[in-house]
Structure formats: C-alpha cells, structure tokens
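Below are some notes for a colleague who is opening this entry for the first time. They go from the chain as a whole to one particular helix pair.

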Amino acid sequence: MENLKHFLLALCAATAAGFVSIIFVFRWVLYFKEGLAWDGGLAEFNWHPVLTVTGFIFLQGIAIIVYRLPWTWQCSKLMMKFIHAGLNLLAFVFAVIAMVAVFDFHNGANIPNMYSLHSWLGLTAVILYGLQLVLGVGMYLIPVTPVSWRAAFMPLHVYSGLLLFTSVIAVALMGITEKLIFGLKDPKYKDSPPEAIFVNVLGVLLVLFGGLILWIATRTSWKRPSDQILHSLHTNGGGEDNSKVASALSQLPDGSDAYGAGDARKRSNKFDEQVN
Ligand code: HEM
Ligand code: HEM
C-alpha cells in the first residue's frame, strides 16, 4: 500500500475519535442525565443518542472503511462483502431500536412526533439506509445479478453511502443541539455549564470521526489492489469489459498486481470474482 504510515495514522485517529465519542455519549447519559432504562421516561430516551452514536455513526463508519484495511486483502472479496453488509445491518438494527426508544418516549409523554427538522432528516436517513442495505444485498450478494448491473450501480452505491453517512452525522449534531437547548434549564445552554462544554466536545469528536472516515474512503491509492484497477478502468471509461481488464492487468509490472504471476486471462477471471 502507498503511504501505509499515513493510512495507519488516519485509521488510528478515526478509531480513537470514534471510541472517545462512545465514551462521551455514555458519560453524558449516565453522569449528566437520567441513566439508561426501558421505562417510557427520560432514561428510555437516552438510548436514542447512545444507539445512534455507537451504531448508526461508529459502526457505519467502520463498515465503510472495512475494505480498505490492508490486512484483510488476503481474504476473499465475498468474505469482505459479508463483513461490510453485516456491520451495516448491525448499524441499521441499532438505528431502528434508537427510533423505537424516542417514539415510545414521545408517545408516553404526549410530545408530538415528527415536528422538527432533526426528526424529518433523521427518519429519512434511516429509511434510505434500509433501502441502501436491500439494494446492496440484491446487487452484490445475490449471485444471479448481472455483472454489468453491479458495475453500473457501484458509483451510485458509493456516493449514496457516503452521503448517508455524512447526513447521519449532521442529524446527530442537530439532535445534540436540540437536547442541550431543551435539557439545560438552570443554568441554561447559553451560560456554558460543564454539561454544555462536554457535549459540545462530543459534537466536535463526531465531526472529526466523520471527516477521517470520509478521507480514508475517498483515497484511491488506499483501495484493495484489484479495486484500484477497476477504478482506473472506470475513470478511463473502460467499464467491466474483460479484454480491457486483461490488458490493464497485463500492463502491471511483474509481481505488482494483487494476484501474483499468471496470464492476463486468468487474472481477468479473478478480477470478475474480486470486483463483483
Ligand atoms: C427525536 C432521529 C440522533 C436527540 C428524533 C426523531 C427522529 C430522530 C426520527 C423523532 C421522534 C419523534 O418524533 O417521536 C435521529 C437520527 C439520529 C439521531 C436518525 C442519528 C444520528 C440524535 C442524537 C441526539 C438526538 C445524537 C442527541 C441527544 C433527539 C431529540 C429528539 C429526537 C432531543 C426529540 C425532539 C425532536 O423530535 O426533534 N430523532 N436522531 N437525536 N432526537 Fe434524534
Ligand atoms: C462499497 C456504503 C451496504 C457491497 C461501499 C462504499 C461505501 C458503501 C461508502 C465505498 C467503500 C470504499 O470505497 O472503500 C454502504 C452503506 C451500506 C452498504 C452505507 C448500507 C446501508 C452494502 C451491502 C453490500 C455492499 C449490503 C452487499 C454486499 C459493497 C461493495 C462495495 C461497497 C461490493 C465495493 C467495495 C470496493 O470494492 O471498493 N459501500 N454499503 N454494500 N459496498 Fe456497500
């Protein structure tokens, strides 16, 4: 991998920002707020930030960069797809439970549902994330889906995945701000009590985590070696055509491709399995 040191630095910084965000959200609800319970009250609401930060943000971020980890490049692409899909599914389950917690709390306390911009964008993100999951499984895990569909859909899959991830972080920042404004009465948010400062830092950490994940996921030189070839073919208008793939692979210097020695046709078949 090119610039392995930079990759490891970005990865460590991202995981550190993610872990510290999780510690912060737990400390917020357990120390500053009412704790955690499933009782229809404020302690049930608290599952909402906890599960969105740990699941919908952290797990989704890790799912997005899982293909980029160099020590997984010797695993089959199929295995990596299962890990990517599994982590995204887990993130979705966390998000759904987080939604149930807040709706249940609102209904119990007679608070209207879906009045805020936070709730509109948040629920839209959860629904589109579910759709992305279903389409991802349909396109990349069901063996009968034509290779040409898979290749054509990939730029949209990557774009919508990154857009969703970014939107979810923006939605979390709105939720955090709302909660601080509603929850801090005496002293108020504007008086900067310790809870306000602490939770503002949580927001900064989430932006840092998001920025680092987006940085890692958008470096072409940090892709799995086979995917770098696909990227160069796509950007040269090559699509998934096997002859172009074969010639691109055969242009690689000896030993520099992902599959070791072998003729271009064999590598091209391997390419089909790897990319799709
Ligand atoms: C309410 C989604 C993160 C605070 C809601 C509601 C949805 C939602 C759909 C409406 C519930 C209803 O109308 O009954 C999301 C999503 C998040 C997220 C998708 C993913 C990041 C957060 C975070 C906080 C938060 C991190 C911080 C505490 C709130 C608050 C409400 C709420 C205070 C009640 C007020 C309102 O309806 O806007 N959220 N939320 N949310 N959420 Fe979030
Ligand atoms: C790649 C997001 C679900 C299959 C990606 C990438 C993103 C992403 C951002 C680009 C990663 C990179 O360039 O390294 C998401 C999100 C999902 C989701 C947010 C869930 C809501 C799925 C599912 C599958 C899948 C269920 C089924 C296997 C793939 C494949 C790639 C990919 C094959 C290409 C990886 C590569 O070769 O670079 N996804 N994905 N995704 N995703 Fe998903």
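**Notes on the fold and one helix pair**

1. In this protein, among contacts with a separation of 6 or more, 69% are between residues 24 or more positions apart. Please keep in mind throughout that the model is predicted.

2. As for the secondary structure, the protein has 10 helices and 0 strands, so that the order of elements from the N terminus reads α-α-α-α-α-α-α-α-α-α. Of its 276 residues, 45% count as buried.

3. The UniProt record, an unreviewed entry, lists residues 7-30, 50-70, 82-103, 123-144, 156-176 and 196-217 under "transmembrane region". Two of these spans can be set beside the model: residues 82-103 are 100% helix and 0% strand, with end C-alpha atoms 31 Å apart, while residues 50-70 are 76% helix and 0% strand, with end C-alpha atoms 30 Å apart.

4. Turning to the helix pair, helix 3, which covers residues 47-65, packs with helix 5, which covers residues 117-140, at an angle of about 45°, and their axes are 14 Å apart. Because of that angle, helix 3 counts as oblique to helix 5, since the value is neither under 35 degrees nor within 65 to 115 nor over 145. The crossing of the two helices is left-handed.

5. Which residues of helix 3 and helix 5 meet? From helix 3 they are His48, Phe56 and Gln60, and from helix 5 they are His118, Ala125, Val126 and Tyr129. Sorted by character, the residues of this contact comprise 4 nonpolar and 3 polar ones, with no charged residue.

Notes
Residues numbered from 1 in each chain as written. Chains lettered and ligands numbered in written order. Predicted model: local features only at pLDDT ≥ 70, side-chain atom pairs only at ≥ 80, totals over all residues. Heavy atoms only, no water. Axes fitted to C-alpha atoms, helices over the stretch in contact; angles between N-to-C directions. Helix = DSSP H or I, 4+ residues; strand = E, 2+ residues; numbered from the N terminus. Left-handed = near helix turned anticlockwise from the far one by under 90°. Contact = heavy atoms within 4.5 Å. Nonpolar A, V, L, I, M, F, W, Y, C, P; charged D, E, K, R; others polar. UniProt positions renumbered as here; feature names shortened; annotations may be inferred. Buried < 20%, exposed > 50% of the residue type's maximum accessible area, 1.4 Å probe, protein only.
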